[in-house]
Amino acid sequence: MNRNARRLAAEELLASFKSGVFHGVPIKESLAASKAGTVRYTPENCPEVQKGVYETRVHIEHTTTTESARKWTTGVGLDGASPASVGVLNFASAKNPGGGFLK
């Protein structure tokens, strides 16, 4: 996906947030619930990590964050990983929020 296609996809997504509909699917209630359940952790309020033995796997792919999240949480992922064990990192820019896709 080239830069212009990513910009257009981002603009479409932002318009969906405003309208409350994404590709014909109502998302207004889900979006509100997501916002209400969002927690921002800072060094001052970050909980301690529970000690234990964890198996961690890292998978890097060239795709959008949304595509990866959908892939890994629908059972298509690595070794049938369950949604509860999937984390997706979006390396957005702290300097240019959103990575500057609207520029």
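**Close-up views of a predicted model**

In this predicted model, residues 24 or more positions apart account for 27% of those contacts in the protein that have a separation of 6 or more.

**View 1. The protein as a whole, with 3 helices and 2 strands.** Followed along the sequence, these elements come in the pattern α-β-β-α-α. The protein has 103 residues, of which 8% count as buried. Its accessible surface comes to about 9000 Å², and carbon and sulfur atoms hold 58% of that surface.

**View 2. Helix H1, residues 3–19, and the glycine that comes just after it.** With 17 residues at 1.5 Å a residue, H1 should span 24 Å, and because its end C-alpha atoms are 24 Å apart, the expected and modelled spans agree. Just after H1, Gly20 takes a positive phi of about 80 degrees.

**View 3. Ser16, a residue of helix H1, and its surroundings.** Is Ser16 buried or exposed? Its relative accessibility is 6%, which is under the 20% limit, and Ser16 therefore counts as buried. A polar atom of the Ser16 side chain lies 3.3 Å from the backbone oxygen of Val21. When neighbours within four places in sequence are left aside, Ser16 is in contact with Val21, Phe22 and Ile27, so that Val21 appears both in this list of contacts and as the owner of the backbone oxygen described above.

**View 4. The salt bridge between Arg7 and Glu11.** A search of the whole structure finds 1 salt bridge, and Arg7 forms a salt bridge with Glu11 in which the closest N and O atoms are 2.8 Å apart. Why are these two residues separated by about one helical turn? Arg7 and Glu11 are 4 residues apart in helix H1, and this spacing is the reason that about one helical turn separates them. In general, an α-helix has 3.6 residues a turn, so residues three or four places apart point the same way. Arg7 has a relative accessible area of 24% and is partly exposed, and Glu11, with a relative accessible area of 33%, is likewise partly exposed.

**View 5. A nonpolar surface patch made by Leu13, Leu14 and Phe17.** The patch made by these three residues covers about 220 Å². Phe17, one of its members, is found in helix H1. With a relative accessibility of 40%, which lies between the limits of 20% and 50%, Phe17 counts as partly exposed.

**View 6. His23 in the loop between strands S1 and S2.** Strand S1 takes in residues 21–22 and strand S2 residues 25–26, and His23 has its place in the loop between them. What is the phi of His23? The angle is near 50 degrees, a positive value in a residue other than glycine. His23 counts as exposed because its relative accessibility is 58%, which is over the 50% limit.

**View 7. Arg6 of helix H1 and Thr64, two residues 58 positions apart in sequence.** Although Arg6 and Thr64 are 58 residues apart in sequence, the distance between them in space is 9.0 Å, taken from C-alpha to C-alpha. Arg6 is found in helix H1, and its relative accessible area of 42% makes Arg6 partly exposed.

Technical notes. Residues numbered from 1 in each chain as written. Predicted model: local features only at pLDDT ≥ 70, side-chain atom pairs only at ≥ 80, totals over all residues. Heavy atoms only, no water. Buried < 20%, exposed > 50% of the residue type's maximum accessible area, 1.4 Å probe, protein only. Polar contact = N/O pair within 3.5 Å; in protein donor to acceptor, adjacent residues only side chain to side chain. Contact = heavy atoms within 4.5 Å. Expected span 1.5 Å × (residues − 1). Patch = residues over 30% accessible without salt bridge, like charges linked within 9 Å, V, L, I, M, F, W, Y side chains within 5 Å. Areas by Shrake-Rupley, 256 points an atom, 1.4 Å probe, with all protein chains shown as cover. Salt bridge = Lys/Arg side-chain N within 4 Å of Asp/Glu carboxyl O.
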